[in-house]
Amino acid sequence: LLASRWLIRDRQKIGNVKDKYVLITGCDSGFGNLLAKRLDQQGFCVLASCLTQKGVDSMHRSNSSRLKAVLLDVTDHVSIRKTADWVQEQVGEKGLWGLVNNAGRAIPIGPTEWMKMEDYHAV
């Protein structure tokens with residue numbers, strides 16, 4: 001019974017993906033990069049954010065015109081505001097269908113007792 005539910009669930013498809021916008025952060029490499037490419041191949045409108053210009057250029061080179069990339073530093077308030085405005089321009093009245101918050105910083109890292117309060121604010 002459990003196996004049949006699993007199979008049914010996995011066969012379900014999302015309809016009309018060409019009008020669905022998904023914002024993915026952290027697309028320079030790894031999971032974010034792979035997910036952005038996969039959703040682009042499936043027909044979604046992908047808004048991919050990268051920390052580096054090299055990441056943005058790579059996303060534009062290797063994907064369809066449905067995928068658009070932008071620079072985003074999740075630790076910089078100005079960068080976040082600019083990206084939010086850019087996303088609003090892209091999606092218009094349709095809004096975002098999905099958000100994958102994949103970007104992150106693991107620096108500084110260490111036992112909690114060694115961390116300073118400034119370390120937490122910097123992340």
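**Figure 1. Valine 17 sits in a loop, the one between helix H1 (2-11) and S1.** This is a predicted model, so keep that in mind for every view here. Is valine 17 buried or exposed? With a relative accessible area of 14%, valine 17 is buried, because buried means under 20%. Leaving out residues up to four places away in sequence, valine 17 touches Gln42, Gly43, Phe44 and Cys45. Take the last of these: valine 17 and cysteine 45 are 28 residues apart along the chain, yet 7.8 Å separates their C-alpha atoms.

**Figure 2. Strand S1 (21-24) is covered on both faces.** Look at one side and you'll find Tyr21 and Leu23; look at the other and there are Val22 and Ile24, and all of them are buried. How do S1 and S2 run, parallel or antiparallel? They run parallel, with four bridges joining them. One pairing to pick out is isoleucine 24, whose bridge partner in S2 is alanine 48.

**Figure 3. Helix H2 (residues 30-42) has a buried side and an exposed side.** Start with a quick check of the helix itself: at 1.5 Å a residue, its 13 residues should span 18 Å, and the end C-alpha atoms are 19 Å apart, which agrees. The buried residues of H2 are Gly32, Asn33, Ala36, Leu39 and Asp40. They cover an arc of only 140 degrees around the axis, so they lie on the same side of H2. Flip to the other side and you meet the exposed Phe31, Leu34, Arg38 and Gln41. What do the buried residues of H2 pack against? Their partners are S1, S2, H3 and S3. Right after H2 comes glycine 43, with a positive phi near 105 degrees.

**Figure 4. Asparagine 63 is tucked into the loop between helix H3 (53-61) and S3.** Its relative accessibility is 16%, so asparagine 63 counts as buried. The side chain of asparagine 63 reaches the backbone oxygen of methionine 59 at 2.7 Å. There's also a polar contact of 3.3 Å between the side chains of asparagine 63 and serine 62. Setting aside residues up to four places away in sequence, asparagine 63 touches Lys37, Asp40 and Ser58.

**Figure 5. Helix H4 (residues 77-91) also has two sides to tell apart.** Its 15 residues should span 21 Å at 1.5 Å a residue, and the end C-alpha atoms are indeed 21 Å apart, which agrees. Which residues of H4 are buried? They are Ser79, Thr83, Trp86, Val87 and Val91. Their arc around the axis is only 120 degrees, which puts them on the same side of H4. On the other side, His77, Val78, Arg81, Lys82 and Glu89 are exposed. The buried residues of H4 pack against three strands: S1 (21-24), S2 (45-50) and S3 (67-71). Glycine 92 follows H4, and its phi is positive, near 55 degrees.

**Figure 6. Here are some cysteines, but a search of the whole structure finds zero disulfides.** Why is cysteine 50 not bonded to cysteine 27? Their sulfurs are 5.4 Å apart, which is too far for a bond, because a disulfide needs the sulfur atoms within 2.5 Å. For cysteine 45, the closest cysteine sulfur is again in cysteine 27, but 15 Å away, so that is too far for a bond as well. Cysteine 50 counts as buried at 0% relative accessibility, and cysteine 45 counts as buried at 11%.

Note on methods: Residues numbered from 1 in each chain as written. Predicted model: local features only at pLDDT ≥ 70, side-chain atom pairs only at ≥ 80, totals over all residues. Heavy atoms only, no water. Expected span 1.5 Å × (residues − 1). Buried < 20%, exposed > 50% of the residue type's maximum accessible area, 1.4 Å probe, protein only. Arc of directions from axis to C-beta. Contact = heavy atoms within 4.5 Å. Polar contact = N/O pair within 3.5 Å; in protein donor to acceptor, adjacent residues only side chain to side chain. Pairing = 2+ DSSP bridges.
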